[in-house]
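Thanks for passing this one along. Here is a short set of comments to read with the model open beside you.

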Amino acid sequence: MKFDYPVIFLDIDEVLNSREYFHSRGGPMPPNALIAQHGMSLAYDLWDLCPRLLARLRNLVNETGAKIVICSTWRLGRKPADFHTLFTLRGWALAEDTIIGCTPRLPGIRGDEIAAWIEAENFDGPYVIIDDGSDMLPDQPLVQVDPRIGLSQGNCHDAKAFLVAREEQR
């Protein structure tokens, strides 16, 4: 299959939320209105996504035409459609085909899971990994996020440069 778009492999914890966000949001519990509207489990997930950081990701996707593959532990027990719902409810009305998959769970490091998805999908396009961790393979393009602040404008700039530079090399 020929891919005509770049891919962002996305971690969520400490990328779309941060230590700074957790300290500023008014406590660990979602507001009662959020719980009443969405139920406890979904309310917690929504409460854990920082709207400001999600907006940065949205801008990056809009500027690059990238699709998203979830590589976060949040993927466990979820489908791409679940993330579409979460992101939409948190303020990003993304297209149905923006989140195209989740990496498989494998023993080893996250980089192995990303490599497995690339091989299984026969993906040959440009990509970048956005993660607060560093457990990637040496040749994988990583934008490492500071967990204290989450996805920064600088991280988005670096990710965009990776995606554009790799696209121009094709």
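The points below go from the whole chain down to one helix.

1. Please keep in mind that this is a predicted model. The chain holds seven helices and five strands, and starting at the N terminus they follow the order β-α-α-α-α-β-α-β-α-β-β-α. Its radius of gyration is 16 Å, close to the 15 Å that the globule rule gives for 170 residues, so the chain is as compact as a globular protein of that length.

2. On overall dimensions, the C-alpha trace spans about 50 × 30 × 30 Å along its principal axes. Of the 170 residues, 47% count as buried. If you look at contacts between residues at least 6 apart in sequence, 69% of them join residues at least 24 apart.

3. For the surface, the chain exposes about 8,400 Å², and carbon and sulfur atoms supply 52% of that area. As for charge, there are 17 positive and 24 negative side chains, with the centres of the two sets 5 Å apart.

4. Helix H4 (residues 51-64) is a nice one to check by hand. At 1.5 Å a residue, its 14 residues should span 20 Å, and the end C-alpha atoms are 20 Å apart, which agrees.

5. Which residues of H4 are buried? They are Leu 53, Leu 54, Ala 55, Arg 56, Leu 57, Leu 60, Val 61 and Thr 64. Arg 56 is a charged side chain in that list, so to speak a good place to pause when you browse the helix. Just after H4 comes Gly 65, which has a positive phi, near 70°.

Terms used. Residues numbered from 1 in each chain as written. Predicted model: local features only at pLDDT ≥ 70, side-chain atom pairs only at ≥ 80, totals over all residues. Heavy atoms only, no water. Helix = DSSP H or I, 4+ residues; strand = E, 2+ residues; numbered from the N terminus. Rg over C-alpha atoms; globule rule 2.2 N^0.38 Å. Buried < 20%, exposed > 50% of the residue type's maximum accessible area, 1.4 Å probe, protein only. Contact = heavy atoms within 4.5 Å. Areas by Shrake-Rupley, 256 points an atom, 1.4 Å probe, with all protein chains shown as cover. Charge placed at Lys NZ, Arg CZ, Asp CG, Glu CD. Expected span 1.5 Å × (residues − 1).
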